[in-house]
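Here is a short briefing on a protein model. Look over the sequence and the structure first, then read the points below.

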Amino acid sequence: MKAAQITSYGAADVLRVNDVDRPAPGAGEVLVSVEASSVNGHDVIVRTGELKMMSGRRFPIGVGLDFAGTVAATGPDVAGCRVGDRVWGTVHPRRRHAVAGAAEYVVVSADRIAPVPADLSSVEAASLVVAGSTALIALRDSVHLAGGDRVLVRGAAGGVGTAAVQLAHAMGGRVTALARDRHARLLADLGADEVLDYGSTASEGIGPFDVIVDTVGTELNCYRSRLAKGGRMVTVGLSASALAAIAASSVYGARRIRAFSANPDTAVLRELAGHVTSYALRPVVDSVYPLADIAAAHEAFERGGAVGKQVVAVTA
């Protein structure tokens, strides 16, 4: 079978699509025939070596945090899913995988998958797995969004950003989206009450906000200062400078900058599916690449400026 793998740490050109043995599921595991995967920030930082303390220095390393496809086989002690079920899910983000989501087949624990919403194609489903669950966990658990909260979504045109705009709107927030001006119409259609052009909008000129969801990871202290009394801020755009700002913000207590690593289980994926089936959340796909061109998908992700997700179609 074919699998995208990292052959050394570096730029997108270290990615290769190799022939590997098809894995077999063990106890509590399922084998998924993958139809699509998407490109996430996690995939890029694994590839560049920023997570080498977890991924190690043994190559090749599988790439692709998420996937959508069909259950091809189940191991012993698996209940709740059957061969032929359409599912979406993720590999574990804090473990090393020789084969991950961007492959023709992947083995994962059965508690890391859930049924795909019936109306979604596999490409659409893959675009929502990590982006949607990240936005959901950020809004629900990190900042405890309440109806009527004034919400700023920074980096609103990206995968997590477009999901956060929709879910914050569905949860009753009054949403301000900060993104490129050319994306204003789409973001308004997704539920933003106001769209600000980040190129001409200074942080000190906006707010205050009850909730800030940051997907960029820079200028965090500037935006934290725009929180209202009792406001909450979370960032998913982690970098060395972001981690330093997060640590320094601890002195502000409840108004500190929160961070987390999304690791959705079946329950979260089922909740996410509920938002899709209720029409509160829809996929936003920027571009689709064949598995053979996964390096180009990574390059597009790193260039930025897109709206929604880069998706890798594993099967035509």
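**One helix and its surroundings**

The buried residues of helix H1 pack against strand E1 (2–6), strand E2 (15–19), strand E3 (29–38), strand E4 (61–62) and helix H9 (294–303). The model is a predicted one. The points below take up helix H1, then two cis peptide bonds, then two residues with positive phi that are not glycine.

**Helix H1**

- Helix H1 spans residues 41–48, and its buried residues are Asp 43, Val 44, Val 46 and Arg 47.
- Viewed down the axis of H1, these buried residues fall within an arc of 165 degrees, so they line one face of the helix.
- In an α-helix there are 3.6 residues a turn, so residues three or four places apart point the same way.
- After H1 comes Gly 49, which has a positive phi near 95 degrees.

**Cis peptide bonds**

- Phe 59 and Pro 60 are joined by a cis peptide bond with omega near 5 degrees.
- Pro 60 sits in the loop between helix H2 (52–55) and strand E4.
- The peptide bond between Gly 207 and Pro 208 is also cis, with omega about 5 degrees.
- The loop that holds Pro 208 runs between strand E11 (194–197) and strand E12 (209–214).

**Positive phi outside glycine**

- Asp 77 is not a glycine, yet its phi is positive, near 65 degrees.
- Asp 77 belongs to the loop between strand E5 (66–74) and strand E6 (86–90), and it is exposed, with a relative accessible area of 71%.
- His 144, also not a glycine, has a positive phi of about 50 degrees.
- His 144 is located in the loop between helix H3 (122–142) and strand E9 (150–154).
- The relative accessibility of His 144 is 51%, and the cut-off for exposed is over 50%, so His 144 counts as exposed.

Notes
Residues numbered from 1 in each chain as written. Predicted model: local features only at pLDDT ≥ 70, side-chain atom pairs only at ≥ 80, totals over all residues. Heavy atoms only, no water. Buried < 20%, exposed > 50% of the residue type's maximum accessible area, 1.4 Å probe, protein only. Helix = DSSP H or I, 4+ residues; strand = E, 2+ residues; numbered from the N terminus. Arc of directions from axis to C-beta. Contact = heavy atoms within 4.5 Å.
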